[in-house]
Amino acid sequence: MISLLTSASYLSGIEVSDVSSTNAIMYIDEGGPFVFSNSDISNSGSIINDPVYIYRSAVKEISNVTMRNIAQTPLHFKTSTVQLVDNLHIQNCTEYVLIERSMISSMQNSSFTQMGGESIKNGGSLYLVRSNMTISNSNFTENTAIDGGAIYFSCLGIRKCNLDITDSHFKSNKAVLSGGAIKYNVYRPTMQNNIFENNTAAYGPNIGSYAIKIRKKNSEIEQISLDNIGSGVENTVNIGKSPVNNI
Amino acid sequence: MALYDHDEQIMTLENLSLIEIKRKTSDTEIIGTSSNRVYEGVAFFPTLSFSSSPGSKNVAFRLTAEAIDMNVARRQYGSDYTLNDILVNFRYCKPGEILENNE
């Protein structure tokens, strides 16, 4: 296990595979600013702790890192800042990347494939909790969760959170319940030039959120207005005597 | 009536929470079942009538829904975010209808 408890380091060229230890592969506490690059971590079956856990640290760059076949949360940021994530590729992991109270200034050119599962509650590939993140040019493919097949963006704290997603591709992600690609519970991510393709959910095949308004079913008019109503007279036209009339 | 999200999707997983219609001013009445539970995001109000002065326009009745958390909605959409009222335009009485208490 790599434990980094000091500052200013380069972690490069790490190749770890077929891990049988129950400890984390990397545990970094109050580290940085450091660079983690050109590394490949795969086939960790019995790790109890998160394989890469970055806590109270400043990360300058994570680049050209691949993580595969990990039966855990492959990467966990808590109360940390990351300036740049470039070419991070994670696939076939049973849980999400967990980002708690952290800031990822830019993640680009990355991919998340076949992560999570139907028993994972929030976010198949990314679970953001009270965090800020900018994502661009990244792919989310065949990830699965109960809510937020690819991404779950949670921000129930006092402070506002931001998630910006641009030029990214969400394909064949699945939520058992809500938000086939993305689910958010307070703040709506800003999204531009993204492609959503074949994502599925019981509600919100691409994006799931929460109820914000009431209006007549299948009406595009926001305001519910009833005209020519007789005072105290049951109105069979505008109010409806049966569900067919839909108000 | 249906519960909708930001993306104009009906909240099809929402069941059993209430949608309620309430009067906003004392010179109006709601007769009939004014609250109903949603099923797959939709509630129906088959027996409902509104009362106010004949000929009055844009009489507002308040809509509320248990499934809409206004605290959450206001964090996203601003502190002045509210639900739309139902606006009712009442006609004048037809021959044979009786005006009581100005309704």
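**A mixed sheet shared by chains A and B**

Five strands, in the order 26(A)-7(B)-6(B)-2(B)-4(B), make up an open sheet with mixed pairing, where two strands are taken to pair if DSSP finds at least two bridges between them, and where helices (H or I, at least four residues) and strands (E, at least two) are DSSP runs numbered from the N terminus. The edges of this sheet are strand 26 (224–229) of chain A and strand 4 (35–37) of chain B, each of which pairs on one side only. Neighbouring strands are turned against each other by 20° on average, direction ignored; the axes behind this value are lines fitted to C-alpha atoms, for helices over the stretch in contact, and angles run from 0 to 180 degrees between N-to-C directions.

The model is predicted, so that local features need pLDDT of at least 70 and side-chain atom pairs count only at pLDDT 80 or more, whereas totals for chains, interfaces and linings use all residues. Residues are numbered from 1 along each chain as its sequence is written, and chains are lettered from A and ligands numbered from 1 in the order in which they are written. For the complex, the predictor gives an ipTM of 0.93 and a pTM of 0.90. Chain B has a mean pLDDT of 93, with 99% of its residues reaching 70 or more, pLDDT being the predictor's confidence in each residue, from 0 to 100.

Within the sheet, strand 26 of chain A runs parallel to strand 7 (residues 86–90) of chain B, and four bridges join the two; in this pairing, A:L226 has B:V88 as its bridge partner. Strand 7 of chain B is also joined to strand 6 (residues 59–65) of chain B, here in the antiparallel sense and by three bridges, with B:V59 standing opposite B:V88. Further along, strand 2 (residues 18–23) of chain B pairs with strand 4 of chain B, again antiparallel and over three bridges, and B:N36 in strand 4 is the bridge partner of B:I19. The two faces of strand 7 of chain B can be told apart, in that B:I86, B:V88 and B:F90 form a covered face, while B:L87 and B:N89 form an uncovered one.

The contact between the chains extends to other elements. In total, 44 residues of chain B are in contact with 38 residues of chain A, two residues being in contact if their C-beta atoms, placed from the backbone, lie within 7 Å. On the side of chain B that touches chain A, at least two residues each are supplied by strand 1, strand 5 (48–51), strand 6, helix 1 (70–77) and strand 7, and strand 7 gives the most, with five residues.

Chain A comprises one helix and 26 strands. Buried residues account for 45% of its 247 residues, a residue being buried if 20 or more other C-beta atoms lie within 10 Å of its own, exposed if 12 or fewer, and partly exposed in between, with C-beta atoms placed from the backbone. Among contacts in chain A between residues at least 6 apart in sequence, 68% join residues at least 24 apart.

The largest nonpolar core (a set of buried Ala, Val, Leu, Ile, Met, Phe, Trp, Tyr and Cys residues joined through C-beta atoms within 7 Å) holds 83 residues, of which A:I99, A:L126, A:A150, A:F153, A:A211 and B:L3 touch the most other members. Because domain 1 (2–213) and domain 2 (214–247) of chain A both give residues to this core, it lies between them; the domain bounds come from an automatic or database domain assignment. Not counting residues up to four places away in sequence, A:L126 touches A:Y96, A:V97, A:I99, A:F112, A:A150 and A:I151.

Two further positions in chain A illustrate contrasting surroundings. A:L163, in strand 18 (residues 163–166), is buried, with 23 other C-beta atoms within 10 Å, and its C-alpha atom is separated by 5.0 Å from that of A:M133, 30 residues apart along the chain. A:Q108, in strand 11 (residues 103–108), is partly exposed, with 18 other C-beta atoms within 10 Å.

Positive phi values occur at two residues that are not glycines, namely A:E30 at about 55° and B:E8 at about 65°. A:E30 lies in the loop between strand 4 (26–29) and strand 5 (34–44) of chain A and is partly exposed, with 14 other C-beta atoms within 10 Å, whereas B:E8, in the loop between strand 1 (2–4) and strand 2 of chain B, is exposed, with 9.
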